[in-house]
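The exercises below are meant for a reader who is meeting this structure for the first time. Each one gives a task and then a solution that proceeds step by step.

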Amino acid sequence: MADALRWGIVGTGMIAGVFAKGLEQAKRGVKAAVASRGADRAKAFAEKNGIPSAYGSYEELFAAADISAVYVATPHPCHREVVLAAAAAGKHILCEKPMGVTPAECREMIAAAAKADVTLLEAFMYRVHPQTELIRTVIRDGRIGQVKLIRSSFCYGLGDAYNVRLDKALRGGGLYDVGCYCINFSRMVAGEEPDDIAAVWTLGEKTGVDESLACGLRFPSGILAHFDVSVRSANSTFAEIQGTEGSLFVPSPWNPHPERADIELRRKGQAPLTLTTVAGGRAFPLEADHLAAVVQDGATPLIPAANAVGNAVVLDTIWQRMHGPQ
Ligand SMILES: NC(=O)c1ccc[n+]([C@@H]2O[C@H](COP(=O)([O-])OP(=O)(O)OC[C@H]3O[C@@H](n4cnc5c(N)ncnc54)[C@H](OP(=O)(O)O)[C@@H]3O)[C@@H](O)[C@H]2O)c1
């Protein structure tokens, strides 16, 4: 097996810390450096997370010859610039979701990665958990018949302190933060792109962003998907796929249990059947190891970067309706 990838982390926020911790369990990656827009933050993050090198600018990290892959953990609208610079420097890239805020941004990032001959993956961690593969297999095997409806939800509650998720200038709101999961899931299950998009939302009085949103997607085959998100409610996460012969209920689609995850198959006239996957670890190290497998073994990406374009079409369409042409 090739040497472990040497990771550089871009940004020092919440998820950067979770990824740094996760890398400790990766089989094919090590945390080698972190970069921040502020040298003090980089140093503090490196000390806290046992990272050998700290850079006071993203550019310095990209220039570091010993770094092979970068994890982009900046707010969504900042991904484009970081990804373009990382690709130009020849780094492989795991970019947090949503990869770009518009389809054009995603296409530009994908083209830059292709030109530089580096791997670019969008970090939808639920896609690397084996539960998601089980869901796909159950559907592919026709165990719920023909898919008709896809329902999903991702709701939680933020406090009043400043959070990039509530910042309109950074495309804050539930749609981009967590709606992107429901859109990704619906498109994955339907296996096609929606031809109609409907949405209603409630904008926060102070924040001006969608604090709650409900959305409907129609797919060319006739499959309908609907989902709701909120950043101002108690927690709710689930997905359910309704077919002609039964349904599949997924209690924890976005952050499945790292050891043992259950989904429930409910077939017409039969007792519900619990199907279990054993993940063998947390999603972040699995994501890092998946990128290593793509880069070093030529493995097929579970979710190719081009998939981000379809998600961005839905996200940007609804954003433009909420806020007018940007
Ligand atoms: N996969 C998951 O489960 C998951 C979970 C949460 C978030 N995410 C995604 O990860 C990304 C980051 O989210 P987060 O919760 O970690 O955000 P966060 O805590 O606010 O951290 C973002 C970091 O990005 C850097 N940054 C660069 N430009 C910035 C700007 N203009 N404004 C603010 N920060 C800026 C900052 O680091 P420096 O100042 O040190 O450079 C900051 O610490 C988002 O795209 C989000 O959707 C994914």
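Two strands are said to pair if DSSP finds at least two bridges between them. In the strand pair β11 and β12, for instance, E240 has F249 in β12 as its bridge partner. The model is a predicted one.

**Exercise 1. Describe how strand β12 is joined to strands β11 and β13**.

Step 1. Begin with strand β11 (residues 232-243) and strand β12 (residues 246-250), which run antiparallel and are joined by four bridges. The connection between β11 and β12 is a hairpin that passes through two residues.

Step 2. Turn next to strand β13 (residues 260-267), which is joined to β12 by four bridges, the two strands running antiparallel. Here S247 has R266 in β13 as its bridge partner.

**Exercise 2. Find the order of the strands in the eight-stranded open sheet, and say which strands lie at its edges**.

Step 1. The order of the eight strands is β8-β9-β10-β7-β11-β12-β13-β14, and the pairing is mixed.

Step 2. The edges are formed by β8 and by β14 (273-278), each of which pairs on one side only. From one strand to the next, the twist averages 15 degrees.

Step 3. To see the mixed pairing, take strand β7 (residues 147-157), which is joined to β11 by nine bridges in the antiparallel sense, whereas β7 pairs with strand β10 (residues 224-230) in the parallel sense over seven bridges. F154 stands opposite V229 in β10, and F154 also stands opposite T237 in β11. A further position to look up is G157, which stands opposite R232 in β11.

Step 4. At the β8 end, strand β8 (residues 196-203) and strand β9 (residues 210-218) run antiparallel and are joined by eight bridges, with T202 standing opposite S212 in β9. β8 and β9 form a hairpin with six residues between them, and G208 in the turn has a positive phi of about 75 degrees.

Step 5. Finally, place the helices. Helix α6 (residues 130-140) lies across β7, β11, β12, β13 and β14, running at about 15 degrees to β13, while helix α9 (residues 307-323) lies across β8 and β9 and runs at about 50 degrees to β8.

**Exercise 3. Describe the open sheet of six strands and the helix α4 that packs on it**.

Step 1. The six strands follow the order β3-β2-β1-β4-β5-β6, with parallel pairing. The edge strands, each pairing on one side only, are β3 (53-55) and β6 (120-123), and the twist from one strand to the next averages 25 degrees.

Step 2. Within this sheet, strand β4 (residues 69-72) and strand β5 (residues 92-96) run parallel and are joined by four bridges, and V72 has C95 in β5 as its bridge partner. Helix α4 (residues 79-88) packs on the sheet, where it touches β1 (5-10), β4, β5 and β6, and its direction makes about 170 degrees with that of β5.

**Exercise 4. Is T119 buried or exposed****?**

Step 1. Locate T119, whose place is in the loop between α5 (103-116) and β6.

Step 2. Apply the cut-off, by which a residue is buried if 20 or more other C-beta atoms lie within 10 Å of its own. T119 has 21 other C-beta atoms within 10 Å, and therefore it is buried.

Step 3. Leaving aside neighbours within four places in sequence, T119 is in contact with H92, L291, V294 and V295.

**Exercise 5. Relate the two domains to the largest nonpolar core, and explain why this core lies between them**.

Step 1. The domain assignment gives domain 1 (5-125 + 285-303) and domain 2 (130-278), and their centres, taken over C-alpha atoms, are separated by 26 Å. Domain 1 brings seven residues to the contact and domain 2 brings six residues. On the side of domain 1 that touches domain 2, five residues are nonpolar, one is polar and one is charged.

Step 2. The largest nonpolar core has 92 residues, of which V10, I93 and L120 touch the most other members. The helix that gives the most to this core is α7 (residues 174-190), with 10 residues. Because domain 1 and domain 2 both give residues to this core, it lies between them.

Step 3. To inspect one member, choose V10: apart from its neighbours within four places in sequence, V10 is in contact with residues including A35, Y58, L61 and V82.

Note on methods. Residues numbered from 1 in each chain as written. Predicted model: local features only at pLDDT ≥ 70, side-chain atom pairs only at ≥ 80, totals over all residues. Domains from an automatic or database assignment. Contact = placed C-beta atoms within 7 Å. Nonpolar A, V, L, I, M, F, W, Y, C, P; charged D, E, K, R; others polar. Core = buried A, V, L, I, M, F, W, Y, C linked by C-beta atoms within 7 Å. Buried ≥ 20, exposed ≤ 12 C-beta atoms within 10 Å, placed from the backbone. Axes fitted to C-alpha atoms, helices over the stretch in contact; angles between N-to-C directions.
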